[in-house]
Amino acid sequence: MMRQLLRGRGGCTVAPLALRVRCFASADEGSRGGLFGKGGRFVGAVDPLMEKFNASIGYDKQLCFVDLQGSRAYAKALARAGILTEKESDTLVQGLHDVENEWADGSFVTVPSDEDIHTANERRLGELIGSLAGKLHTGRSRNDQVATDVRLWLRAEIDVMQSNLHALIATASARAESEIDMLMPGYTHLQPAQPIRWSHWLLSHAWAWQRDACRLAELARRVDVMPLGSGALAGHPYGLDRESLRADLDFGAITPNSLDAVSDRDFILEFLFCASLHGVHLSRWAEDLIIYGSKEFGYVKFADAYATGSSLMPQKK
């Protein structure tokens with residue numbers, strides 16, 4: 001019954017296709033899209049101060065590539081659902097590639113009405129291919145679009161962090177093995193306590209990094225879930241094949257509940273915790289090295305390539 005309702009059956013009335021397609025906002029309509037202007041929800045122009053207050057393009061433009069990636073997959077999904085023709089889908093996909101190239105070569109120019117990266121990409125797509133760009137938003141809400149973009153972006157960032165963490169752990173392990181015969185004092189409260197091996201100190205930090213890597217791996221599975229197709233909150237009414245869409249975007253799973261999918265930000269908070277704790281572990285390691293590299297201790301020496309000095313005190317490194 002639930003599936004029938006989402007597809008417009010079981011007594012639900014589905015509007016004609018022409019009414020489902022969101023009108024594409026021209027550059028002078030501001031950020032209100034099809035709700036702005038004649039026949040729309042709002043009357044009059046957006047106050048410039050409101051546009052500045054409401055804009056997030058200054059920092060969310062780093063989502064530019066994943067936003068375009070999600071839109072290309074969505075255009076293909078709309079074609080599979082019969083909402084777009086293959087030709088329309090191909091034109092949209094090519095236009096989105098052209099927008100991506102502009103971001104890549106630095107030629108993309110934002111305008112004051114670009115309140116966020118999604119508005120900016122849609123506006124530029126419309127300038128390149130015309131009113132067909134408006135069909136891209138059929139059945140898609142900013143809610144599932146943003147949730148998908150953030151997951152795509154964070155998934156890639158976690159991959160980079162994992163790669164760097166594994167390289168750091170491997171380097172520490174290799175150094176510990178090759179320098180296992182080096183002895184040093186072990187400290188408590190900055191006082192010599194018991195003798196330990198240098199390798200023991202190195203690996204004490206490597207084990208903390210290993211836990212960081214495990215936490216990120218566990219989080220990655222929860223991030224790798226696709227919310228696209230959830231709509232604003234109640235699902236997609238036009239028979240979208242979410243499994244094929246998941247495969248196109250290389251997600252590991254699909255969100256089972258649309259209302260939860262568009263409201264879930266747990267994974268962002270989890271990442272902030274993981275990143276913060278990893279930062280603490282790196283800070284502990286750095287602080288040990290700072291102390292051990294001082295004149296009073298003199299256990300380590302930093303290469304000049306990774307050191308700075310003082311403009312007043314030449315003895316400092």
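Among contacts in the chain between residues at least 6 apart in sequence, 68% join residues at least 24 apart, where contact means heavy atoms within 4.5 Å. This is a predicted model in which local features need pLDDT of at least 70 and side-chain atom pairs count only at pLDDT 80 or more, while totals for chains, interfaces and linings use all residues. Residues are numbered from 1 along each chain as its sequence is written, and side-chain values use heavy atoms, with hydrogens and water left out.

**Exercise 1. Find how many helices and strands the chain has, and what share of its residues is buried.**

Step 1. Look for the DSSP runs, numbered from the N terminus: helices are H or I with at least four residues, strands are E with at least two. You should find twelve helices and four strands.

Step 2. Now turn to burial. Buried means under 20% relative accessible area, exposed over 50%, and partly exposed in between (1.4 Å probe, protein chains only). Of the 317 residues, 38% count as buried.

**Exercise 2. Work out how helix H7 is oriented relative to helix H8.**

Step 1. Locate H7 at residues 117-129 and H8 at residues 142-178.

Step 2. Compare their axes, which are lines fitted to C-alpha atoms, for helices over the stretch in contact, with angles from 0 to 180 degrees between N-to-C directions. These two axes come within 11 Å and cross at roughly 105 degrees.

Step 3. Classify the angle: under 35 degrees is roughly parallel, over 145 roughly antiparallel, 65 to 115 roughly perpendicular, and the rest oblique. H7 is therefore roughly perpendicular to H8.

Step 4. Pick out the meeting residues. From H7 come His118, Thr119 and Glu122, and they meet Arg142, Gln145, Val146 and Asp149 of H8.

**Exercise 3. Describe the surroundings of Arg155.**

Step 1. Place Arg155 in helix H8.

Step 2. Check its accessibility: the relative accessible area is 17%, so Arg155 is buried.

Step 3. List its neighbours. Leaving out residues up to four places away in sequence, Arg155 touches Val223, Asp224, Leu249, Asp250 and Phe251.

Step 4. Look at one partner again: the Arg155 side chain reaches the backbone oxygen of Asp250 at 2.7 Å.

**Exercise 4. Decide whether Gly279 is buried, partly exposed or exposed.**

Step 1. Find Gly279 in helix H12, residues 266-292.

Step 2. Read its relative accessibility, 33%, so Gly279 counts as partly exposed.

Step 3. Finish with a distance: the C-alpha atoms of Gly279 and Trp209 are separated by 10.0 Å, although these residues lie 70 apart along the chain.

Technical notes:
Polar contact = N/O pair within 3.5 Å; in protein donor to acceptor, adjacent residues only side chain to side chain.
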